[in-house]
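Biologist: I'm new to this structure and would love a close look at one part of it. Could you walk me through the sheet and the salt bridges that involve its strands?

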Amino acid sequence: MRLSRFFIDATLSLGEHDLPEAQAHYIGRVLRMAAGDPVQLFDGSGQEYRGQLLEVGKKAVRVSLDQAFAGQADSPLQVHLGQGLSRGERMDWAIQKATELGANEVTPIVSERCEVRLKDERADKRLAHWRQVAISACEQCGRSSLPIIHPPITLTEWLAATQAQLKLVLHPVAEPLVSHARPASLAFLIGPEGGLSEPEVEQAKAAGFHAARLGPRVLRTETAPVVALSVAQQLWGDF
């Protein structure tokens, strides 16, 4: 039987637990799991727990956890992705794949050519949605820690706040990633659908970023983080 794996937004330990209502609804009403089914849970601490469902109701699920073990180790390369804010599924895709590829932090960046503007309640809803996208990606790929998904900020704010040993802005005319020495921490800046403007690239360089390219072709905003993180993990991480 396939072992279902779920993130629980609460501290886990061995023994019996009542699951939060959202997970209980998903397990009982959506997946239609039953008492006796095996489960694997994680809480983002790096620990994983196995056990079985004891009771499954419409709004309440109780589980017994009888095995604890260390989860999947994070990549030794610490990565903060600054992703240009893009529309709908493109942003979801970028966050999902960045999570699967080991990014530790993702910040949506509001830049000159962004076609999306989020304010107040809508921004809060999108942030909650992006965090759920990351959680689902962790459940699927076996990752035991959750990346931090930050609220959107302006490019200027992100450049001023970002700390990393190596900071790269993707740009078609630049040096390849392989030209850099292995860093312990890395910040990637990727533009939105319309790309970063030349003044923004120069602004990033003034803030300590190096221009880097991923090959001869111009990649879409949702494709660039997949390629960039894959190459970085191959060169300096755990691929």
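Modeller: Happy to; here is a short tour of the sheet, strand by strand and then by side chain. Keep in mind that this is a predicted model. Five strands make up an open sheet with mixed pairing, and their order is β1-β3-β4-β5-β2. At the edges you find β1 (4–7) and β2 (15–18), each of which pairs on one side only. From one strand to the next, the twist averages 35 degrees.

Now look at β4 (residues 47–56) and β5 (residues 61–70): these strands run antiparallel and are joined by nine bridges. Within this part of the sheet, Leu53 stands opposite Val63 in β5. Helix α1 lies across β1, β4 and β5, and its direction is at about 160 degrees to β1.

Next, follow β5 to Arg62. Side chains of opposite charge can pair when their charged atoms come close. Arg62 forms a salt bridge with Glu16, with 3.0 Å between the closest N and O atoms. That pair links distant parts of the chain, since Arg62 is in strand β5 and Glu16 in strand β2, 46 residues apart. Arg62 also meets Asp18 in a salt bridge (2.9 Å, N to O). Because Arg62 lies in strand β5 and Asp18 in strand β2, this pair ties together parts that are 44 residues apart in sequence.

How covered are these three side chains? Arg62 is partly exposed at 22% relative accessibility, and Glu16 is partly exposed at 48%. Asp18, with a relative accessible area of 57%, counts as exposed, as that value is over 50%.

Key
Residues are numbered from 1 along each chain as its sequence is written. This is a predicted model: local features need pLDDT of at least 70, side-chain atom pairs count only at pLDDT 80 or more; totals for chains, interfaces and linings use all residues. Side-chain values use heavy atoms; hydrogens and water are left out. Two strands pair if DSSP finds at least two bridges between them. Helices (H or I, at least four residues) and strands (E, at least two) are DSSP runs, numbered from the N terminus. Axes are lines fitted to C-alpha atoms, for helices over the stretch in contact, and angles run from 0 to 180 degrees between N-to-C directions. Contact means heavy atoms within 4.5 Å. A salt bridge is a side-chain nitrogen of Lys or Arg within 4 Å of a carboxyl oxygen of Asp or Glu. Buried means under 20% relative accessible area, exposed over 50%, partly exposed in between (1.4 Å probe, protein chains only).
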